[in-house]
Amino acid sequence: MKGRRWLLAAALLPGPVCAEPSPSVAAVASAIVPGLGQATQGDYTTAAEHFGVFAASLAVASHYQGKSDFLSDEERYQHEREIINQTTLRRDFALRVAGDTALYSSFAAYRDGRSRDTRGYRTPAPKETLSELAVAPFRWEYVSRPTTFIPLGLQILAAASDRYGVYRAPDVSKNALYAYELTANEFTAVGEEGFFRGFLNNELSDRWGNGWGLAGSSAIFGLAHTGQGQAANALQAGLAGAYLGWVHQRNNFQIGEGVAIHYWVNVIAGIAAIRHGGSAQLVSFSLPF
């Protein structure tokens, strides 16, 4: 979501006609309609699971967005400030689950398709399961690597000097925001690394070579991070995508370490924004209760 769907055209490259669609076609299908790629592969149980989570989350997001106290972008975002209330926070969480389910479904369709595809690829097929990716941020194997802890150290330094702050309405506690950062970023790290690295960086690197594949996937990752809010910086996102793509290639095109880096970078930035913010009463703003 968040305006990403139009970017899928960059990944929809023609594949040979066969009984089962190519892994890239299945991946794009599941990114557009979660579970569709799995259905074309004959895995109807997984297709139903992915679509069910997506549809339910989207319905919850729509419910909260329709409430009278939901904050529009004009009300929510100010210069280096963001206002959040409970209704908007709940909408955000549900929408992130829906969007990241679509991204993970795309990766899973690609992974499963590659495992059965007998055509020659120059890049290794992704292998990691959802459970393996979910625990990746907490595995010592990843967080102890210099390629992980050095960028996290740099992120801590950058977050300390960043003035972006999240300001809470009276119905939102600081602990609720911390819980949101720790849980929602789990979905985001798995979903975005699965799609942008596990699928796009792998597929484009196979077709164009590692250098051009990395450039293409990083550019798309940067363009996906336009808009408003703390993460809306296409240049920074593109550079981060290039580093994560390099780590992905370095790790034989597996995404576990990238999930760990992505998760903790987002969590550090989110916690810093909460600490730099405060109560919404501290700013000149009227909330529509």
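Which residue in β3 is the bridge partner of arginine 81? The answer is glycine 165. I begin with that pair since it leads into the sheet, which is my first topic today. Please keep in mind throughout that this is a predicted model.

Let me first place the sheet in the whole. The protein has 12 helices and four strands. Of its 289 residues, 52% are buried. If we take contacts between residues at least 6 apart in sequence, 75% of them join residues at least 24 apart.

Now to the sheet itself. The four strands form an open sheet in the order β1-β2-β3-β4, and the pairing is mixed. At the edges are β1, residues 77-78, and β4, residues 278-279, each of which pairs on one side only.

Strand β2 covers residues 81-84 and strand β3 covers residues 165-168; the two pair in the parallel sense, over four bridges. Arginine 81, with which I opened, has its bridge partner, glycine 165, in β3. Isoleucine 84, for its part, stands opposite arginine 168 of β3.

On to the pairing of β3 with β4. These two strands also run parallel, and two bridges join them. Here tyrosine 167 stands opposite glycine 278 in β4.

I would ask you to stay with β3 a moment longer. Are its residues Gly165, Tyr167, Val166 and Arg168 buried or exposed? All of them are buried: Gly165 and Tyr167 lie on one side, Val166 and Arg168 on the other, and both faces of the strand are thus covered. A helix also lies across this part of the sheet. Helix α12, residues 256-276, lies across β3 and β4 and runs at about 60° to β3.

My second topic is a pair of helices. Helix α10, residues 210-223, packs with helix α11, residues 234-250, at an angle of about 140°, and their axes are 7 Å apart. The two helices are therefore oblique to each other. The crossing of α10 past α11 is right-handed.

Which residues meet there? From α10 they are Asn210, Leu214, Ser218, Phe221 and Gly222. On the α11 side, they meet Ala234, Ala237, Gly238, Gly241, Ala242, Gly245, Trp246 and Gln249. Sorted by class, this contact has six nonpolar residues, seven polar residues and no charged residues.

To close, I return to the two places we have visited: β3, with both faces covered, and the oblique pair of α10 and α11. Thank you for your attention.

Conventions. Residues are numbered from 1 along each chain as its sequence is written. This is a predicted model: local features need pLDDT of at least 70, side-chain atom pairs count only at pLDDT 80 or more; totals for chains, interfaces and linings use all residues. Side-chain values use heavy atoms; hydrogens and water are left out. Axes are lines fitted to C-alpha atoms, for helices over the stretch in contact, and angles run from 0 to 180 degrees between N-to-C directions. Angles under 35 degrees count as roughly parallel, over 145 as roughly antiparallel, 65 to 115 as roughly perpendicular and the rest as oblique. A crossing is left-handed if the near helix is turned anticlockwise from the far one by less than a right angle, and right-handed if clockwise. Contact means heavy atoms within 4.5 Å. Ala, Val, Leu, Ile, Met, Phe, Trp, Tyr, Cys and Pro count as nonpolar, Asp, Glu, Lys and Arg as charged, and the others, Gly among them, as polar. Two strands pair if DSSP finds at least two bridges between them. Buried means under 20% relative accessible area, exposed over 50%, partly exposed in between (1.4 Å probe, protein chains only).
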